[in-house]
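Biologist: Could you take a close look at one part for me, the place where two helices from neighbouring chains meet? After that, just keep going into whatever surrounds it.

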Amino acid sequence: MPPSEAGTAIARRRRLELSAGLVLLAALALLGLPIHDVYTQNLLIIALLYAGLAQGWNILGGYCGQVSLGHALYFGIGAYVSTLLFVRLGVPPGLGMFAAGGVAGAAALLVGWPAFRLSGHYYAIATLVVGEIGYLLFLNWDLLGGASGITIPFKAESLIDLQFRTSKLPFFYLTLAYAALAWTLAWLLEGSRLGFVWRAVRDDMVAARSLGVEILPSKLAAAAISGGLTGMGGAIYAQYVGYIDPDSVMTIEISILIALPAVIGGVGTLWGPLLGAAVQVPISELTRSYLGGSGSGVDLMIYGGLIMLVALARPEGLFGLIAGKRRIDAGFS
Amino acid sequence: MTPALVMQVALGGLLMGLIYALVAAGLSLIFGLMDVVNFAHGELLMLAMYATFFIHRGFGLDPIVQLPIIALLLFGMGVVIYHGLIARALSVRFNRGMVQIFSTFGLAIFLRGAAQFAFGGDFRAINHSWLAGRTLRLATLSLPLPQLAAGLVCLLAFAALMAISRTEFGRALEATREDREAVALIGIDRDRIFALGWGLGCATVGCAGAMLAGFYYVSPDVGANFALIAYVTVALGGFGSLLGALVAGLIIGEVEALTALFLEPSLKQVGMFAIYLAVLLFRPRGLFGTL
Amino acid sequence: MPDFLEIAALSKSFGGVAANVAISFSVREGEILGLIGPNGAGKTSLFNSISGEITPDAGEIRLAGEKISGRGPGAAMRAGIARTFQVVRSFESMTVLENVMVGAFLHTRRPRAAAQAARAVIDFAGLADLADAPAATLTPPAKRRLEIARALATRPRLLLLDETLTGLTPTEARAGVELIRAVRARGITVIMVEHVMEILLPLIDRAVVLHLGRVLTIGTPAEVVRDPATIRAYLGERYAPS
């Protein structure tokens with residue numbers, strides 16, 4: 001291959017990805033219009049929300065390789081910040097969700113600062129424990145509602161307040177925008193210097209350091225962006241559901257659900273979280289409706305089984321199943 | 001708040017701490033051996049507790065009598081898990097760390113769901129064992145016998161673990177941990193050692209579970225609580241250190257009991273969490289660990 | 001004018017075992033220096049001290065007059081020291097080009113500039129055909145070449161090669177030698193740790209022989225090969241000239 005063409009395969013692939021993303025966005029945007037069935041709308045909204053959340057998780061866990069098992073902390077912080085700003089100070093969540101993202105991102109930095117000194121498993125454990133600490137904190141902090149949580153009163157149909165009662169459609173477009181934002185951010189970062197540095201840190205930290213990569217700052221950057229995106233999702237969720245409490249936004253179960261689509265769909269890939277969310281949300285709905293409800297354990301068995309399957313048989317996830325063969329074979333001969 | 005009450009609570013904390021120590025020991029053993037954190041550790045404890053409960057219900061066997069059975073059962077499970085799951089995870093080419101984390105994490109979720117599905121969410125308890133409801137009176141203290149027996153068994157288990165570490169098997173474990181590549185050269189089958197190590201780690205948590213079932217409620221979610229405590233305990237004691245697990249377990253048990261007493265029961269985890277954060281910030285390798 | 005790299009009375013122990021004892025020597029700019037010695041002689045720890053991975057217990061390392069010892073790998077890198085590793089470390093999930101780009105990012109923030117710089121280095125290192133190949137699919141000799149290319153992308157003044165030519169077939173080794181000569185021709189100083197004498201001795205300008213943590217001999221290949229102490233260290237008393 002003539003030297004000047006090296007790397008154009010990558011550039012071409014990225015252009016293709018962007019086009020595909022735009023087409024998908026347009027298709028989904030149009031898809032939303034004819035659907036009036038509330039059940040399906042809800043399904044789509046939740047799926048899009050998780051697509052965005054998982055993509056946010058993926059930035060830290062997939063691209064940078066730092067597995068966080070406590071991301072519900074940032075989801076919850078985002079939900080609480082936006083809600084408290086709205087309910088106590090009258091700040092419209094349309095703006096508040098950005099503050100929510102900011103605070104959540106800052107929390108991620110705070111956690112990452114000591115935790116990133118630890119290697120892989122230790123870091124995962126630290127995120128798990130810190131997540132539980134957050135849960136306990138919010139559960140007992142009566143000023144923030146404590147165990148009873150906070151109800152978001154419906155004031156009026158409003159765009160900036162992110163309050164819509166007559167139809168779920170605006171929420172559909174809101175979560176679509178959120179998922180699109182997360183995806184676009186991931187696409188941009190993948191091609192940026194940070195994206196390269198993250199993958200180097202993930203693949204071999206010692207080699208990365210020997211090439212002059214500043215390990216801690218790059219991890220912190222991933223954490224801040226990831227936490228911020230997750231927090232934003234939390235704010236949107238709060239407005240959609242109208243009520244938050246530690247049990248609905250800060251538990252380990254939520255942490256699992258946030259990471260799951262990325263794991264199933266393919267960690268460290270652009271499309272993995274989308275694929276994963278598209279698979280996970282129908283599964284959880286099916287088990288809820290047909291297989292005995294969310295307390296029956298069937299959904300957990302399916303999630304656990306899928307995680308194990310993916311981890312062992314196909315670490316590249318569902319996305320790897322579809323695109324995997326091509327990636328490895330291309331360019332070898 | 002009398003001195004007698006404080007002493008009572010403190011003693012209870014020590015006894016519970018012994019259980020925490022044993023659970024942590026199993027976790028620490030596996031980690032020290034092959035650098036794998038068993039995220040399903042809590043769920044294995046939960047399964048041991050369920051097994052104890054059902055065997056007791058079906059055959060009337062007291063938890064103490066069941067110890068060898070449960071230990072063997074969990075030993076077998078550990079070996080199966082190693083060969084079926086972990087061995088494959090260790091041989092993955094890239095992203096090995098992530099694969100390891102997710103394989104046991106996925107197992108944990110699966111087991112929890114399976115328990116929910118098979119046994120339902122109700123709390124179970126063993127109410128009619130030999131020791132249930134009986135206490136030992138020492139001066140002003142009254143020590144519940146099931147907890148006392150559990151503490152004793154844990155101490156014995158620790159002694160057994162220390163003894164095992166001195167046998168040839170124990171030394172092989174140590175050698176394999178030190179240099180996984182080199183041991184193959186002196187004829188130690190790494191795979192077999194790892195499988196046995198997993199078996200031992202799980203048998204350890206099995207013993208803890210069997211004794212715990214004697215006085216603690218059994219439910220599909222019970223494992224998660226103990227797992228969290230185990231992580232904190234191992235972090236404090238130092239990953240890979242048996243002694244660390246013992247000392248840290250006692251500390252955590254004590255801190256938890258006293259926090260519940262002096263603050264309030266719903267906040268009993270505060271002390272433990274404070275310790276974890278302190279370890280994280282100031283001494284990541286824990287008391288006896290070599291990070 | 002100070003020597004390019006000065007190592008002054010460097011000592012390092014690990015848990016009571018002395019790895020390096022009072023090591024002193026200098027490296028001239030643009031030379032290829034071989035670091036040789038039997039196993040356990042302290043070569044790798046010396047390397048690690050130079051590249052900043054470990055901090056010596058005593059002594060100093062200066063690059064062009066500026067102290068670099070004990071300041072960590074980042075400082076060494078910024079001072080212009082790059083290295084390869086004994087066990088090849090590549091970023092398996094990335095292509096050859098992307099691997100080298102990670103090195104190039106030391107000097108630029110823009111991906112396009114990094115890609116351009118990386119392409120140039122890849123051509124220089126003879127990896128042009130494999131530029132878009134995933135690093136995981138490379139043969140071991142190609143991976144070694146990739147490591148060198150990646151290190152070169154950081155635009156070093158001093159390149160440390162840790163057993164880069166070990167275990168290669170004669171053809172592969174010859175190609176490796178060519179590459180190292182080309183690297184030197186660009187003005188980069190090279191220090192090599194190597195065991196394969198037949199390949200190393202014709203390549204290097206001078207050799208530093210380490211034994212049991214100390215410097216045994218310094219000289220040209222011809223001198224070193226005839227040095228009685230060196231022969232004794234390597235082959236034992238029987239072969240030493242009386």
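Modeller: Sure, let's start with the residues themselves. On one side Met308(A), Ala311(A) and Leu312(A) sit in α13(A), and they meet Leu85(B), Arg88(B) and Ala89(B) of α3(B). By class, this contact of α13(A) with α3(B) comes out as five nonpolar residues, one charged and no polar. Bear in mind that this is a predicted model.

Now the geometry. A packed helix pair is described by the angle between the axes and the distance between them. Here, helix α13 (residues 298–313) of chain A and helix α3 (residues 63–90) of chain B cross at about 40°, and their axes are 9 Å apart. That angle makes α13(A) oblique to α3(B), because the roughly parallel class is kept for angles under 35 degrees.

Staying on chain A, the unreviewed UniProt entry lists residues 300–323 among its transmembrane regions, along with others including 123–141 and 171–189. In the model, residues 171–189 of chain A are 100% helix, with end C-alpha atoms 27 Å apart. Residues 123–141 of chain A are 95% helix and 0% strand, and there the end C-alpha atoms lie 26 Å apart.

Chain A also touches chain C, with 26 residues from chain A and 34 from chain C in that contact. On the chain A side, α7 (193–203) and α8 (205–210) are the elements that give two or more residues. The largest share, six residues, comes from α7(A). This side of chain A divides into 14 nonpolar, six polar and six charged residues.

Over in chain C there's an open sheet of six strands, in the order β6-β7-β8-β3-β9-β10 and with mixed pairing. Its edges are β6 (81–83) and β10 (214–219) of chain C. On average, neighbouring strands of the sheet are turned by 20° against each other, ignoring direction. Helix α1 (residues 43–50) of chain C packs on this sheet, touching β3, β6, β7, β8 and β9 of chain C, and its direction makes about 150° with that of β7(C). At the β6 edge, β6(C) pairs with β7 (residues 158–162) of chain C in the parallel sense over three bridges, and Ile81(C) stands opposite Leu158(C).

How far to trust it? The predictor gives the complex an ipTM of 0.89 and a pTM of 0.90. Chain C averages a pLDDT of 87, and 96% of its residues score at least 70. Among the elements of chain C, helix α3 (residues 96–104) has the highest mean pLDDT, 94, and helix α9 (residues 228–235) the lowest, 76.

Note on methods
Residues numbered from 1 in each chain as written. Chains lettered and ligands numbered in written order. Predicted model: local features only at pLDDT ≥ 70, side-chain atom pairs only at ≥ 80, totals over all residues. UniProt positions renumbered as here; feature names shortened; annotations may be inferred. Helix = DSSP H or I, 4+ residues; strand = E, 2+ residues; numbered from the N terminus. Axes fitted to C-alpha atoms, helices over the stretch in contact; angles between N-to-C directions. Parallel < 35°, antiparallel > 145°, perpendicular 65-115°, else oblique. Contact = placed C-beta atoms within 7 Å. Nonpolar A, V, L, I, M, F, W, Y, C, P; charged D, E, K, R; others polar. pLDDT = per-residue confidence, 0-100. Pairing = 2+ DSSP bridges.
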